[in-house]
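Hi everyone, thanks for making time. I'd like to walk you through one structure this morning, so please have a look at the screen while I talk.

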Amino acid sequence: GNSKVGEQILTHSFTGPILQVDISSKVIQLMTDRYAKYLEDERSIKRMDFIVDDARGLTALSPESIGGGVFDKGLIDALHCSGDVMSMDDSG
């Protein structure tokens, strides 16, 4: 997506690389332009990259290419918005 989470992670001491995925090539182009400064730093190390893919399948990635884990912002957003549902389950 077009959130600022990737940049926020990098500005809080994580060195990367961060791979951002979206199903929309237009969003990926927007993000590539917006975060060009993270694509290569002064040491020519890529800190952020973008790919067009469907997060339900991630066919552009091989399982061994995921080194540190996966953070799904959309899932976090959905869980955050469902706080009332979670508390109803707990009383149940």
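**Around S3 and K73**

Let's begin at S3, which touches M31, R34, Y35 and K73 once residues up to four places away in sequence are set aside. Before I go on, please keep in mind that this is a predicted model. S3 sits in the segment before α1, and α1 itself covers 5-11. Its side chain reaches the backbone nitrogen of V5 at 3.4 Å.

Now pick out K73 among those partners. How far apart are S3 and K73 in sequence and in space? They are 70 residues apart in sequence, and 8.7 Å apart in space, C-alpha to C-alpha. K73 belongs to helix α4. Leaving out neighbours within four places in sequence, K73 is in contact with S3 and V5. For K73 and V5, the C-alpha atoms are separated by 8.0 Å, with their positions 68 residues apart along the chain. Is K73 buried or exposed? Neither, in fact: K73 has 28% relative accessibility, so it counts as partly exposed, given that this class runs from 20% to 50%.

Let me step back to the chain for a moment. Its secondary structure comes to 5 helices and 2 strands, and along the sequence they follow the pattern α-β-α-α-β-α-α. The chain has 92 residues, and buried ones make up 21% of them. If you take contacts between residues at least 6 apart in sequence, 60% join residues at least 24 apart. The S3 and K73 pair, 70 residues apart in sequence, gives you a feel for that.

Next, the pocket. The largest pocket holds about 1,000 Å³ of space. Of the 31 residues that line this pocket, those closest to its centre are L19, Q20, V21, V70 and F71. Which elements give two or more residues to the lining? They are α1, β1, β2 (48-52) and α4 (73-81). The largest share comes from β1, with 5 residues. For those of you who think in terms of chemistry, the lining divides into 14 nonpolar, 11 polar and 6 charged residues.

Staying with β1, that strand covers residues 18-22, and D22 lies in it. D22 counts as buried because its relative accessibility is 15%, and the cut-off for buried is under 20%. The side chain of D22 reaches the backbone nitrogen of S24 at 2.8 Å.

What about salt bridges? How many does a search of the whole structure find? The search finds 1. In that salt bridge the side chains of D54 and R56 meet, at 2.6 Å from N to O. The two partners differ in how much they show on the outside: D54 is partly exposed, with a relative accessible area of 24%, whereas R56 counts as exposed at 75% relative accessibility.

One last stop, and this one is about the backbone. L58 is placed in the loop between β2 and α4. Its phi is near 45°, a positive value in a residue other than glycine. Why point that out? Most residues other than glycine have a negative phi. As for its surroundings, L58 counts as partly exposed, at 23% relative accessibility.

So, three places to revisit on the screen when you have a minute. Start with S3 and its contact with K73, then look at the largest pocket with 5 lining residues from β1, and finish with the salt bridge of D54 and R56. Thanks for listening, and I'm happy to go back to any of these.

Technical notes
Residues are numbered from 1 along each chain as its sequence is written. This is a predicted model: local features need pLDDT of at least 70, side-chain atom pairs count only at pLDDT 80 or more; totals for chains, interfaces and linings use all residues. Side-chain values use heavy atoms; hydrogens and water are left out. A salt bridge is a side-chain nitrogen of Lys or Arg within 4 Å of a carboxyl oxygen of Asp or Glu. Buried means under 20% relative accessible area, exposed over 50%, partly exposed in between (1.4 Å probe, protein chains only). Helices (H or I, at least four residues) and strands (E, at least two) are DSSP runs, numbered from the N terminus. A polar contact is a pair of N or O atoms within 3.5 Å; within protein, one must be able to donate a hydrogen and the other to accept it, and residues adjacent in sequence count only if both atoms are side-chain atoms. Contact means heavy atoms within 4.5 Å. On a 1 Å grid over the protein atoms alone, a cavity is a set of points where a 1.4 Å probe fits but cannot get out, and a pocket is an open set with protein on both sides within 12 Å along at least five of seven lines; lining residues have an atom within 4 Å of a point. Grid points are joined across faces, edges and corners, and a volume is the space filled by probe spheres set on the points. Ala, Val, Leu, Ile, Met, Phe, Trp, Tyr, Cys and Pro count as nonpolar, Asp, Glu, Lys and Arg as charged, and the others, Gly among them, as polar.
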